[in-house]
Amino acid sequence: MISTKNLAALRGERLLFRGVTFSLGPGEAMRITGANGSGKTTLLRILAGLSEPEQGQVSWGSQNIRDCREEYYRHLAYSGHQFGLRGDLTALENLRYLLPRTTTDAALVETMQQVGLERCVDLPARYLSQGQRRRLILARLLAAEASCWILDEPLAALDTAGIKMVESLCAEHLQNAGILIITSHQNLSSALGGIAELRLG
Amino acid sequence: MMLCALRKQFAREMLGAFRQPGDALAPVVFYLIVGTLFPLALGADPQLLVKIGPGAIWIAALLAVLLSLHKLFRADLDNGYLDQLLLLPCPLFLLIGARLLAHWLQTGLPILLVTPLLAESFGLDYNLLPVLLASLAIGTPVLLVLGAINEALTLASRGGALLALLVLPLYVPTLVFGSGAVYAVQFGESPAAHLSLLGALAVVSLLFSPWAVATALRISID
């Protein structure tokens, strides 16, 4: 379970948000909305423990995430605006090195087939399009077997089929008692309908 | 999972270097160029060359390591991998240790391998070679990890000049003891004192730097 208490964040001198308090248990999801610059990405980075909040704390279970980073990160999959792909390594190699646990290439290739990247396995990542990079990150989400997903604009640059895929993956993740925190400017379909919404700004 | 994460971190850095050999070998090529320019510029005075040789070689090595520092984290900061590195379920200082080891194998080791060539171009006596190599073998890791701390700290400010200003004073003891060891042998003394001081520097900096780099990275990424 991930919970926050009274989070506040500043950008420079400007207050982005304050008093953000919520709690999400297994199978629960939350969508964070707000205009550009309202602090969605900042909030997600704070939730992932990449940034420090000005005030308040984020807890995994009953512990502050700062005190249980390893335990928290075993369960967390975060995907930000940037993909963390190294252009001179192939798609498969990038996927392999983004996953901390032991993996077999055969299993990873299978995961890449699931997200429609079967023809890009041995292509250096710099030749992948934005949408294909997105799909590679989806493959990582699938292979990571994490219970808490934090996704920053996962639908950006994806085609219609890709968007459908994200939605069904998220729905499946929730059915498997996963936690999902997502930002998106596009409306999510009814497959994910009825999830809680947090409006910033 | 932890060992696997470390192994993968090391493998990623090494494989990346093999894919971009030109990029990976730039520091050692720079080292060779600086080291060969000295004898060319100073003219044919064998005694002078022998005298300045050890110091010049050490300065060239120091600058080559300094030149290689920008490769440590900057590309991975830009492509977002550093975020993912911080989110791996493994103590960050160990991951940093694996990364620094890979980086030393790409810069420090090649520097050691071509050093006999430079020693030859300065006309250094062959009995100086063991102590020159020993001092560089102990010294280049120190230069690398001290530079890594500063690189991690200045990552957010993107200040190349700032890095050099901060790191050069820290490099002075390593440079003094490193080249001092070679000069000691040249003057017919034992290099033990210099080498043990250099070794002490190495032990302290290698033990603490991964932790310092990890902390600095968390601050820079924030």
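This dialogue walks through strands, helices and a chain contact in a predicted model.

Biologist: Let me start with the hairpin. How many bridges join β1(A) to β2(A), and do the strands run parallel or antiparallel?

Modeller: In a hairpin, look at the pairing, then at the turn. Strand β1 (residues 2-11) of chain A and strand β2 (residues 14-24) of chain A are joined by seven bridges and run antiparallel. Arg11(A) has Arg14(A) of β2(A) as its bridge partner.

Biologist: Which residue in that hairpin takes a positive phi?

Modeller: Gly12(A), with a phi near 65 degrees. Two residues lie between the strands there.

Biologist: Now the sheet. What is the order of its five strands?

Modeller: For a sheet, read the order and the sense of pairing. In chain A the order is β6-β7-β8-β3-β9, the pairing is parallel, and the sheet is open.

Biologist: Why is one side of β6 and of β9 of chain A left without a neighbour in the sheet?

Modeller: Both stand at the edges. Each of β6 and β9 (196-199) of chain A has a single partner strand, so one side of each lacks a neighbour in the sheet. From one strand to the next, the twist averages 15 degrees.

Biologist: Over how many bridges do β7(A) and β8(A) pair?

Modeller: Five, in the parallel sense, between β7 (residues 148-152) and β8 (residues 179-183) of chain A. One pair to find: Ile150(A) has Ile181(A) in β8(A) as its bridge partner.

Biologist: On to helices. At what angle do α5(A) and α6(A) pack?

Modeller: For a helix pair, take angle, distance and handedness. Helix α5 (residues 130-144) and helix α6 (residues 160-175) of chain A pack at about 15 degrees, with axes 11 Å apart. Therefore α5(A) is roughly parallel to α6(A), as angles under 35 degrees count that way. The crossing of α5(A) past α6(A) is left-handed.

Biologist: Which residues make the contact?

Modeller: From α5(A), Gly131(A), Arg134(A), Arg135(A), Leu138(A) and Leu142(A). From α6(A), Gly162(A), Met165(A), Val166(A) and Leu169(A). By class, this contact has five nonpolar, two polar and two charged residues.

Biologist: Last, the chains. How many residues of chain A are in contact with chain B?

Modeller: An interface can be sized in several ways. Often the accessible area lost when the parts come together is given. Here we count residues: 23 of chain A are in contact with 21 of chain B.

Biologist: Which elements of chain A give two or more residues to that side?

Modeller: α2 (69-75), β6 (76-79) and α3 (91-98) of chain A. The residues on the side of chain A that touches chain B comprise 11 nonpolar, five polar and seven charged.

Definitions and conventions. Residues numbered from 1 in each chain as written. Chains lettered and ligands numbered in written order. Predicted model: local features only at pLDDT ≥ 70, side-chain atom pairs only at ≥ 80, totals over all residues. Axes fitted to C-alpha atoms, helices over the stretch in contact; angles between N-to-C directions. Helix = DSSP H or I, 4+ residues; strand = E, 2+ residues; numbered from the N terminus. Parallel < 35°, antiparallel > 145°, perpendicular 65-115°, else oblique. Left-handed = near helix turned anticlockwise from the far one by under 90°. Contact = placed C-beta atoms within 7 Å. Nonpolar A, V, L, I, M, F, W, Y, C, P; charged D, E, K, R; others polar. Pairing = 2+ DSSP bridges.
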